[in-house]
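Biologist: Could you take me through one part of this model up close? I'd like to hear about the sheet and what is packed or tied around it, in plain bench talk.

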Amino acid sequence: MKIGFIGLSHLGLCYLAASAEKGCQVIGYSRDKDLLLSLSEFELSVKEPNLVKTLKKNKKKITFTN
């Protein structure tokens with residue numbers, strides 16, 4: 001299953017990571033190129049336990065785009 005998320009705020013990132021963890025291919029969309037660059041380097045302004053760990057673990061299932 002493929003799922004897209006528009007808006008990569010705290011909630012969007014958590015849902016994206018959880019969906020990837022469940023086995024879905026996910027696409028995260030944001031117009032903010034600086035945010036996308038930060039996400040590609042796993043530098044998050046969001047503080048959530050295990051979020052970075054989950055994103056790294058599932059990076060092959062996750063695509064970020066603008």
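Modeller: Ile6 has its bridge partner in S2, and that partner is Tyr29. Ile3 is paired in a similar manner, with Val26 of S2 as its bridge partner. Keep in mind that this is a predicted model. Taken as a whole, the S1 and S2 pairing comes to five bridges between residues 2-6 and residues 25-29, and the two strands run parallel. The link between them goes through helix H1, residues 10-21, and together S1, H1 and S2 make a right-handed β-α-β unit.

Now step back to the sheet. It is an open one of three strands, in the order S1-S2-S3, with parallel pairing. S1 and S3, the latter covering 62-65, stand at the edges with a single partner strand each, so each has one side left without a neighbour in the sheet. On average, neighbouring strands here are turned by 20 degrees against each other, if you ignore direction. As a rule of thumb for reading any such sheet, side chains in a regular strand alternate between its two faces.

Gln25 is a handy place to look next, since this residue lies in strand S2. Leaving out residues up to four places away in sequence, Gln25 touches Met1, Lys2 and Ile3, and also Lys60 and Lys61. Take Lys60: in sequence Gln25 and Lys60 are 35 residues apart, yet their C-alpha atoms sit 8.4 Å from each other in space. Even with those contacts, Gln25 is partly exposed, at a relative accessible area of 38%.

From the sheet, let's go over to the helices. How many salt bridges does a search of the whole structure find? Just one turns up, and it is formed by Lys57 and Glu21, whose closest N and O atoms are 3.0 Å apart. Lys57 belongs to helix H3, residues 51-57, while Glu21 belongs to helix H1, so the pair ties together parts that are 36 residues apart in sequence. Are the two partners buried or exposed? Lys57 counts as exposed because its relative accessibility is 60%, whereas Glu21, at 37%, counts as partly exposed.

Glu21 also turns up in the surroundings of another H3 residue, Thr54. Thr54 has its place in helix H3, and once you leave aside neighbours within four places in sequence, the residues in contact with Thr54 are Ala17 and Glu21. Thr54 is buried, because its relative accessible area is 18% and the cut-off for that label is under 20%. The Thr54 side chain also reaches back to the backbone oxygen of Asn50, at 2.7 Å.

That brings us to the loop. Asn50 lies between H2 and H3, and its phi is near 65 degrees, a positive value in a residue other than glycine. Phe42 is found in the loop between helix H2, residues 33-40, and H3. Phe42 isn't a glycine, but its phi is positive, at about 60 degrees. As for accessibility, Phe42 is partly exposed, with a relative accessible area of 23%.

If you want a route for looking at all this on screen, start at Ile6 and its S2 partner Tyr29, go over to Gln25 in S2, then pick up the Lys57 and Glu21 salt bridge, and finish where the Thr54 side chain reaches the backbone oxygen of Asn50.

Terms used:
Residues are numbered from 1 along each chain as its sequence is written. This is a predicted model: local features need pLDDT of at least 70, side-chain atom pairs count only at pLDDT 80 or more; totals for chains, interfaces and linings use all residues. Side-chain values use heavy atoms; hydrogens and water are left out. Two strands pair if DSSP finds at least two bridges between them. Helices (H or I, at least four residues) and strands (E, at least two) are DSSP runs, numbered from the N terminus. A crossover is right-handed if, with the strands pointing away from the viewer, the path from the first strand over the helix to the second runs clockwise. A salt bridge is a side-chain nitrogen of Lys or Arg within 4 Å of a carboxyl oxygen of Asp or Glu. Buried means under 20% relative accessible area, exposed over 50%, partly exposed in between (1.4 Å probe, protein chains only). A polar contact is a pair of N or O atoms within 3.5 Å; within protein, one must be able to donate a hydrogen and the other to accept it, and residues adjacent in sequence count only if both atoms are side-chain atoms. Contact means heavy atoms within 4.5 Å. Axes are lines fitted to C-alpha atoms, for helices over the stretch in contact, and angles run from 0 to 180 degrees between N-to-C directions.
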